Amino acid sequence: RDFIVVIGVGSFPLALSVRENSKIKTFSDLVAATKSPDGVNYSTGGPGTMAHLAALQLLKAVGGKGTHIPFKGNAPALQSLMAGDVDFMFPATSEALPLMGNKLRVLALTSEKPLPIFPNVPTMKDLGFTDFTPRLWYAFLVPKGTPAETVSRIQDAFAQATSDPHVQEQLRAQGYTTDVKSSAEMSAFIKGEAARWKKVIQENNITSSD
């Protein structure tokens, strides 16, 4: 209510990851581990983060059990994963990419389509989860009351920049998915995301202290 949505510009999908030398080699291995008597544990950058919500959604989808190990940010959460203290994590593609093949093994992506920079890594859709696309999306907003002419100029500038082939190439190299949405489209998307994740938060009784 306090802002005007100007434009949506895309997102970083998440990369379901385990440490490189983990006994969990495939997505099927992870599912089996979640159904073991002790279940699994997973790290996140904190309660209610997208990595946390994605992990909860995954565990519910596969009927598995997991223990949340929250950290104050993704950097220490990734360190915990690489140290073998936890079993899996959902970092952003930009975070997983430089560690893949050395420190991390990426089992699946939450992108709509496979990403060339993650060769042979399936999407969650490929694995049969048609509505599993959590991602870190980006939009530009301005304060309510901003003149329409100003909003239109900002929208045009970002749309032009985002559609530039060189900019898109730079973004793709980091695992970013460009997806320009109009003000109306992005407003509807934000409302849908709010409802989607509110349900997950309520179902799991998530609070800031979890």
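Start your tour by selecting Met 124: setting aside neighbours within four places in sequence, this residue is in contact (heavy atoms within 4.5 Å) with Phe 27, Leu 58, Ala 108, Leu 109, Thr 110, Phe 129 and Phe 132. You are looking at a predicted model, where local features need pLDDT of at least 70, side-chain atom pairs count only at pLDDT 80 or more, and totals for chains, interfaces and linings use all residues. Residues are numbered from 1 along each chain as its sequence is written, and side-chain values use heavy atoms, leaving out hydrogens and water.

Next, the core around Met 124. The largest nonpolar core (buried Ala, Val, Leu, Ile, Met, Phe, Trp, Tyr and Cys residues joined through side-chain atoms within 4.5 Å, buried being under 20% relative accessible area with a 1.4 Å probe, protein chains only) has 29 residues. Add Leu 16, Phe 27, Leu 30, Leu 58, Phe 88 and Phe 90 to your selection; with Met 124, they have the most contacts inside this core. Now colour H2 (50-62), which gives the largest share, nine residues. Helices (H or I, at least four residues) and strands (E, at least two) are DSSP runs, numbered from the N terminus.

A second, separate core of 14 residues is worth a visit too: pick Ala 15, Ala 96, Leu 99 and Val 121, which are among its members.

Finally, show the open sheet of three strands, ordered S6-S1-S7 with antiparallel pairing (a pair needs at least two DSSP bridges). Its edge strands are S6 (135-143) and S7 (177-181). Three bridges join S1 (residues 3-13) to S7; select Ser 11 to find its bridge partner, Thr 177 in S7.

Key: Buried < 20%, exposed > 50% of the residue type's maximum accessible area, 1.4 Å probe, protein only.
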